[in-house]
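I opened a new page for this structure. My plan was to look up the cysteines and then one pair of helices.

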Amino acid sequence: QFLVFCILPAILYLLCVYKVWPAVRPRSKEGIFLASRVRYYHNFFLCVYSGACCGFTTIYLWLHGEWGFVRLDGASMRPMLCTPASRGMTILNYTFIASKLYEMLDTMFIVFLKNDEARAVLRVADGVRNRTDGPPGVETRRDGGGGGSSGGPTKRATGTDGWAQTFLHQYHHCTTFWLFLIVANTPGSTKMGPLLNGFVHTLMYSLYTNPKAWPRAAVPFITMGQIAQLAFVTYVWWVVPNYCPAYSSYPELHFLEYLTPYFMVPVYLLFFIYFFFNRFIRPLAGPKSSTKQKTS
């Protein structure tokens with residue numbers, strides 16, 4: 001039953017991505033403008049909500065004397081890793097898990113607005129309306145799409161880079177709800193999810209909400225934060241059975257649940273590193289000079 005509960009949202013998500021949302025995407029100017037406006041409030045809400053989760057967890061860890069985990073030694077990390085979360089912290093984490101279902105709508109806005117027809121309409125509107133004057137009626141290019149971890153199922157997602165972005169985006173949304181349900185079984189992950197993922201998502205959705213407020217040079221640090229977060233939470237998941245006597249037998253008693261994050265998070269990590277290299281590092285080398293060779 002738990003497995004069905006985890007997999008069913010992923011199946012419904014893919015059904016929406018490839019069947020439902022393309023069929024109902026707006027094609028009129030009014031519909032495109034409405035979708036763009038709703039996307040703005042969607043991103044703004046997730047920015048504020050993620051910031052609230054991060055802020056609440058920060059205060060919680062400080063009040064409970066669990067901030068010592070930043071020293072990364074066993075004795076200092078043990079209170080954060082092993083002390084059961086309070087009822088309030090647990091409820092907050094449940095809402096954070098549920099938000100992973102809502103975040104699937106990131107892809108809906110990509111399907112609605114990252115197509116040639118919508119781009120043409122919004123590009124014309126950009127000539128007569130300054131986006132910073134209010135909720136956007138136009139799409140930005142600085143953020144790479146304005147929703148989710150990277151690209152989406154669009155015609156422009158072609159080639160190796162486009163495939164990688166599409167896979168990362170869809171795999172991310174298919175599995176995060178499942179992943180957060182499983183890692184909620186340990187106190188450390190219950191706290192680190194809203195803290196670290198909440199922090200990164202605050203920055204990410206802030207960028208999507210108002211990209212012009214972000215210096216271009218600051219954008220790569222969001223992806224760097226995502227990479228650092230994924231690496232650290234993998235470490236947290238690994239050390240819990242070693243540092244917490246109450247969870248020492250967890251890997252044996254719940255073998256598949258314990259292994260599941262190791263199948264998911266490294267995939268995120270690998271593709272985020274690939275995406276970071278191709279978007280921010282490779283362009284620094286400049287265009288490669290090439291010569292065309294004639295063949296007979």
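Why does Cys47 count as buried? I found Cys47 at 16% relative accessibility, so it counts as buried (under 20% relative accessible area; exposed is over 50%, partly exposed in between; 1.4 Å probe, protein chains only). Cys174 counts as buried because its relative accessibility is 11%.

I noted the basis next. This is a predicted model, in which local features need pLDDT of at least 70, side-chain atom pairs count only at pLDDT 80 or more, and totals for chains, interfaces and linings use all residues. Residues are numbered from 1 along each chain as its sequence is written, and side-chain values use heavy atoms, with hydrogens and water left out.

I then searched the whole structure for disulfides (cysteine sulfur atoms within 2.5 Å) and found one. Cys82 and Cys244 form this disulfide, with their sulfur atoms 1.9 Å apart. Cys82 lies in helix α3 and Cys244 in the loop between α9 and α10, 162 residues apart, so the pair links distant parts of the chain. I read -85° about the S-S bond, a left-handed link. Both Cys82 and Cys244 are buried.

Last, I looked up helices α4 (residues 87-102) and α8 (residues 187-209) (DSSP runs of H or I, at least four residues, numbered from the N terminus). Their axes, lines fitted to C-alpha atoms over the stretch in contact, come within 9 Å and cross at roughly 50°. That makes α4 oblique to α8 (not under 35 degrees, roughly parallel; over 145, roughly antiparallel; or 65 to 115, roughly perpendicular).

Notes: Axes fitted to C-alpha atoms, helices over the stretch in contact; angles between N-to-C directions. Helix = DSSP H or I, 4+ residues; strand = E, 2+ residues; numbered from the N terminus.
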